[in-house]
Each structure stands twice: as structure tokens, then as C-alpha cells.
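Welcome to a set of exercises on reading a protein structure. Take each task in turn, try it with the model in view, and then compare your steps with the worked solution.

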Amino acid sequence: IKELVSQDYGLSNEINKVLNDCHDVLKSYQIKLLQADDQMHSALSRLQENVMELRVVAIDMIFRRFPRVVRNISQSQDKQVRIITSGEEVKIDKSMVDILIDPLMHLVRNSVDHGIEKPNERQKKGKSPQGTINLDVEQRGNRITLKISDDGGGINSEKVKTKAIEAGILTVQDAAKMSENELQNLIFKPGFSTAESVTETSGRGVGLDVVWSSINRMGGNVSVQSVLGKGTIFTLQLPLSVAIQQSLLFSVNEQTMALPDRYIDEIIEIDISELQRLKGQQAILW
């Protein structure tokens, strides 16, 4: 019996030694795999950056179209308008150029048509006869901010409110509760226009809702701020590229889906015990 126990104890030592050796080998391979994974991620990141460099162009490609447009519209309306641009060196995805041209063109034309007053009106207000439109762009991380500003007459919130009520976009009760900036943002509603008559640039039923929908499709947003008599600023915030987006992968009914991170407000972790039944549906108290 002693001999058997002795033999078994020796065997156990051997087994333990083999297991320890296996553990060391596996740990070594695990470290090597992690190193290889890091190297692969680094190489893929560099490849992505190089590919993106081939896809981007300076936004000046879009900006250079506007001086002539501003000149033609201002001459046809007996106005004096100049356009000043900055940030032309900022680079964007080539695929965004064609998408951005129409919304920006619409906003610039809108500034000349609705924003800038005629020279005699400007002089009465103590302004220079020549109006100014500024087109500025800057990059912040993986997004760009575009601002189209003018020193024109600004947006008349009361006029916007009246037109919105007449068009059935807004009720009198709802209008009374809205702030001035909320009223100003009604100009992005489909079909909304304050133009009194149809011209080449106004009153054709093609409003700023086209701008809003185009920018929204690119994963951006647009807003307006205006001071009556002082001018208006349209702000567009956009991703640098529509080709690559950060997304959250998740599973629903054994299907893997991706949700762009711009639509994610918060992620929370819950325990299965927190699930409740509410009107026949699963719910949590949050």
C-alpha cells in the first residue's frame, strides 16, 4: 500500500508539472496573440487613415462656387453683397461634396434674398450699403462645423409665427408657448416660406426643409440663430466622412445590428431580475 501511495504521489507530481508547463505555454501564446492583435489593429488603423487621405478634398472646392452666385443674385435684386470665406483648407470626404453643394447653395441664396436688405434700407438703419455673408468652417475632432452668417435684417419671429399658424403648422395655443428661437427654427418645416411673391429664388415651395433633410441624412444637424435687424447665423454640424461611422453592435432575436453612435444617448446595464411586465410587454423602471 505504501508503495502504491508513493507511486501515486509521484504521478501526481508529474501531472502537476505537466499542467504547469501547459499553463506557461498557453500564457506565452496568449501574450503573443495579444501582441499580434495589437499589431494588426495598428496596421489596419494606418491603412484606414491612408485610404481616407485618398478620399478627402479641401472644402474650398465647394466654396469657390459661391462668389459668382452671390454676385448674380445681388445684381438681379439691386443689392450690394460680398461673401467672405474662411477655413477653406478643411478637408472632407469626396462623397460629401455633391451632397453638401445644394444645401449650402440654398442657404447662401436665402441669405442674399431674405437676409440682406437693399442699399437704401441698410443706410436708413445706419449700416453699410454693402451687405456681408460669411462662410466659415472649422474641424473639431471627427466633425466639422459650418456657419453661414449675414448682417442683414434677421428673422422676424412674429412674422414666422403668423405664417406658421396660417399654414396650419402651428396652433395659436402652441405658438404662445414657444420661445423666439423655437419660432425661428420653424423655417425648417416642409413648405414653409415667408416670401410674399414667387421669384427665381423665393416662394416656389422649396424651403429650408430640403436643407434640414439633406444634412440629417448625412448624420448632421442644422440650427438657426437670428437677431431682428442685426443678422442671421445658420450652423451646420457634420461628420468628416459618411463612408466610415462609429457604431454600436448589438443583437436582437439572434440578429446582429449596428446603430450609429450619433443616435446613442446612454447605455445602461441591468440585471435580468429588474425586468417587469407592463401592459403585456417587458419593461424596466428607469
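**Exercise 1. Two packed helices**

Task: Describe how helix 3 and helix 4 pack, giving the angle and the distance between their axes.

Solution: Keep in mind that you are looking at a predicted model.
- Step 1. Two packed helices are described by the angle between their axes and by the distance between the axes.
- Step 2. For helix 3 and helix 4 the angle is about 35°, and the axes lie 10 Å apart.
- Step 3. The crossing of helix 3 and helix 4 is right-handed.
- Step 4. Now find who makes the contact: helix 3 gives F66, V69, V70, I73 and S74, while helix 4 gives L104, M105, V108, R109 and V112.
- Step 5. Sort the residues of this contact between helix 3 and helix 4, and you get eight nonpolar, one polar and one charged.

**Exercise 2. The two sides of a helix**

Task: Find which residues of helix 3 (residues 66–76) are buried, and work out why they line one face of the helix.

Solution:
- Step 1. The buried residues of helix 3 are F66, V69, V70, I73 and S74.
- Step 2. An α-helix has 3.6 residues a turn, so residues three or four places apart point the same way.
- Step 3. Looking down the axis of helix 3, you find its buried residues within an arc of 120°, so they line one face.
- Step 4. Turn to the other side of helix 3, where R68, Q75 and S76 are exposed.
- Step 5. Ask what covers the buried residues of helix 3: the cover includes helix 2 (60–63), strand 2, helix 4 and strand 4.
- Step 6. Just past the end, helix 3 is followed by D78, which has a positive phi near 55°.

**Exercise 3. Walking across a sheet**

Task: Give the strand order of the open sheet of five strands, and explain why strand 2 and strand 6 each have one side left without a neighbour.

Solution:
- Step 1. The order is 2-4-5-7-6, and the pairing is mixed.
- Step 2. Strand 2 (80–86) and strand 6 (221–227) stand at the edges with a single partner strand each, so one side of each has no neighbour in the sheet.
- Step 3. From one strand to the next, the twist averages 15°.
- Step 4. Start at strand 2: it pairs with strand 4 (residues 130–140) in the parallel sense over seven bridges, and I83 stands opposite I133 in strand 4.
- Step 5. Move on to strand 4 and strand 5, which pair in the antiparallel sense over eight bridges; here Q139 stands opposite I144 in strand 5.
- Step 6. The hairpin of strand 4 and strand 5 has two residues between the strands, and in it G141 takes a positive phi near 65°.
- Step 7. Strand 5 and strand 7 run antiparallel and are joined by eight bridges, with I144 opposite L238 in strand 7.
- Step 8. Strand 5 has eight residues, six of them buried, so this strand is largely enclosed by the rest of the structure.

**Exercise 4. Buried or exposed?**

Task: Decide whether S214 counts as buried or exposed, and find which residues it touches beyond four places away in sequence.

Solution:
- Step 1. Locate S214 in helix 9 (residues 209–217).
- Step 2. Buried means under 20% relative accessible area.
- Step 3. The relative accessibility of S214 is 10%, so S214 counts as buried.
- Step 4. Leaving out residues up to four places away in sequence, S214 touches I99 and P103.

Notes
Residues numbered from 1 in each chain as written. Predicted model: local features only at pLDDT ≥ 70, side-chain atom pairs only at ≥ 80, totals over all residues. Heavy atoms only, no water. Pairing = 2+ DSSP bridges. Helix = DSSP H or I, 4+ residues; strand = E, 2+ residues; numbered from the N terminus. Axes fitted to C-alpha atoms, helices over the stretch in contact; angles between N-to-C directions. Buried < 20%, exposed > 50% of the residue type's maximum accessible area, 1.4 Å probe, protein only. Arc of directions from axis to C-beta. Contact = heavy atoms within 4.5 Å. Left-handed = near helix turned anticlockwise from the far one by under 90°. Nonpolar A, V, L, I, M, F, W, Y, C, P; charged D, E, K, R; others polar.
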